[in-house]
Amino acid sequence: MAESGFRSLRTPRMPPATVSTPDPASGPPQALWPRSLPPWQFEVTARDIRRFRQAIGDPGDETLAPPLFCQVMAYRDADPADLPSDGAPLELRAALEGARTVGGASDWLIHRRVRAGERIEVRVTQHGATRKLGRQGPLDLVQVETCFVDAAGALVARERATYLQRAPA
């Protein structure tokens, strides 16, 4: 398949940046959204690609990254002592009270594959949250968009994801 032929299997959909209830006491306040984090740079190396390929059992070329390699760039290195008590990445720390963040759904749109030697800028925006009642209490579903942009400013890939965070009871 040609390098530019990679496409999402599903049409990415981002829920509107609103909460499901008008009562601020029962859900995250709308004024929090959207919330962008400062962008960061990721220098792609052949070693990074080789290690990713080894992890997924793909013996391919170490100069051309597999389609979902961008996931490696989505989180900055952090000292474990700086992480929340549940070990969630700092990029998922929403402006909400709560703990125990886990990944939910994720949709990818891949415009092209990344090559070794490229510098990619990673831009993360939290678009909103919806509070739902789970079996063990309230959950905040946080919608996050991560864009991966090359040195020319072209979009390489975009992930739209929903993360679940246990809300305060």
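# Exercises on a predicted model

The protein has 2 helices and 6 strands, and the structure shown is a predicted model. The exercises below start with the whole chain and then turn to single elements and residues.

## Exercise 1: The overall layout

Describe the order of the elements along the chain, and state how many residues count as buried as a percentage.

*Solution.* Begin at the N terminus, from which the elements of the protein run β-β-α-α-β-β-β-β. Next, turn to burial: 38% of the 169 residues of the protein count as buried. The accessible surface of the protein comes to about 9700 Å², and carbon and sulfur atoms account for 54% of that surface. Finally, consider the contacts between residues at least 6 apart in sequence, of which 67% join residues at least 24 apart.

## Exercise 2: The two sides of helix α1

Work out which residues of α1 are buried and how they are arranged about the axis of the helix.

*Solution.* First list the buried residues of α1, which are Ile-49, Phe-52 and Arg-53. Then look down the axis of α1: these buried residues line one face of the helix, because they fall within an arc of 100 degrees. On the other side of α1, Gln-54 and Ala-55 are exposed. As a further step, ask what the buried residues of α1 pack against, and the partner turns out to be α2. Just after α1 comes Gly-57, which takes a positive phi of about 75 degrees.

## Exercise 3: Aromatic pairs

Find the aromatic pairs, classify each by the angle between its planes, and say which parts of the chain each pair ties together.

*Solution.* Rings pair if their centres lie within 6.5 Å, and by this rule the count comes to 2 aromatic pairs. In the pair of Phe-52 and Phe-69, the rings are 5.5 Å apart centre to centre with 85 degrees between the planes, so the pair is edge-to-face, as planes over 60 degrees apart count as such. Phe-52 lies in helix α1 (residues 46-56) and Phe-69 in the loop between α1 and α2 (70-73), so this pair ties together parts that are 17 residues apart in sequence. Both partners are buried, Phe-52 with a relative accessible area of 17% and Phe-69 with one of 0%.

The other pair is made by Trp-108 and Phe-148, with 5.8 Å centre to centre and 15 degrees between the planes, and it is stacked because planes under 30 degrees apart count as stacked. Since Trp-108 belongs to strand β3 (residues 99-110) and Phe-148 to strand β5 (residues 137-149), the pair ties together parts that are 40 residues apart in sequence. Trp-108 and Phe-148 are buried as well.

## Exercise 4: Strand β6 and its partner

Determine how β6 is joined to β5, and then decide whether Thr-162 is buried or exposed.

*Solution.* Start with the pairing: β5 and β6 run antiparallel and are joined by 11 bridges. The two strands form a hairpin with 5 residues between them, and in the turn Gly-153 has a positive phi of about 90 degrees. Within this pairing, Thr-146 stands opposite Glu-159 in β6. Now consider cover: strand β6 (residues 155-166) is mostly covered, with 9 of its 12 residues buried.

Thr-162 lies in strand β6, and its relative accessible area is 18%, so it is buried, the cut-off being under 20%. Leaving aside neighbours within four places in sequence, the residues in contact with Thr-162 are Gly-103, Gly-104, Ala-105, Leu-141, Val-142 and Gln-143.

Note on methods:
Residues are numbered from 1 along each chain as its sequence is written. This is a predicted model: local features need pLDDT of at least 70, side-chain atom pairs count only at pLDDT 80 or more; totals for chains, interfaces and linings use all residues. Side-chain values use heavy atoms; hydrogens and water are left out. Rings of Phe, Tyr and Trp (its six-membered ring) pair if their centres lie within 6.5 Å; planes under 30 degrees apart count as stacked, over 60 as edge-to-face and the rest as tilted. Helices (H or I, at least four residues) and strands (E, at least two) are DSSP runs, numbered from the N terminus. Buried means under 20% relative accessible area, exposed over 50%, partly exposed in between (1.4 Å probe, protein chains only). Contact means heavy atoms within 4.5 Å. Accessible areas come from the Shrake-Rupley method with a 1.4 Å probe; for residues, only the protein chains shown count as cover. The arc is that of the directions from the helix axis to the C-beta atoms. Two strands pair if DSSP finds at least two bridges between them.
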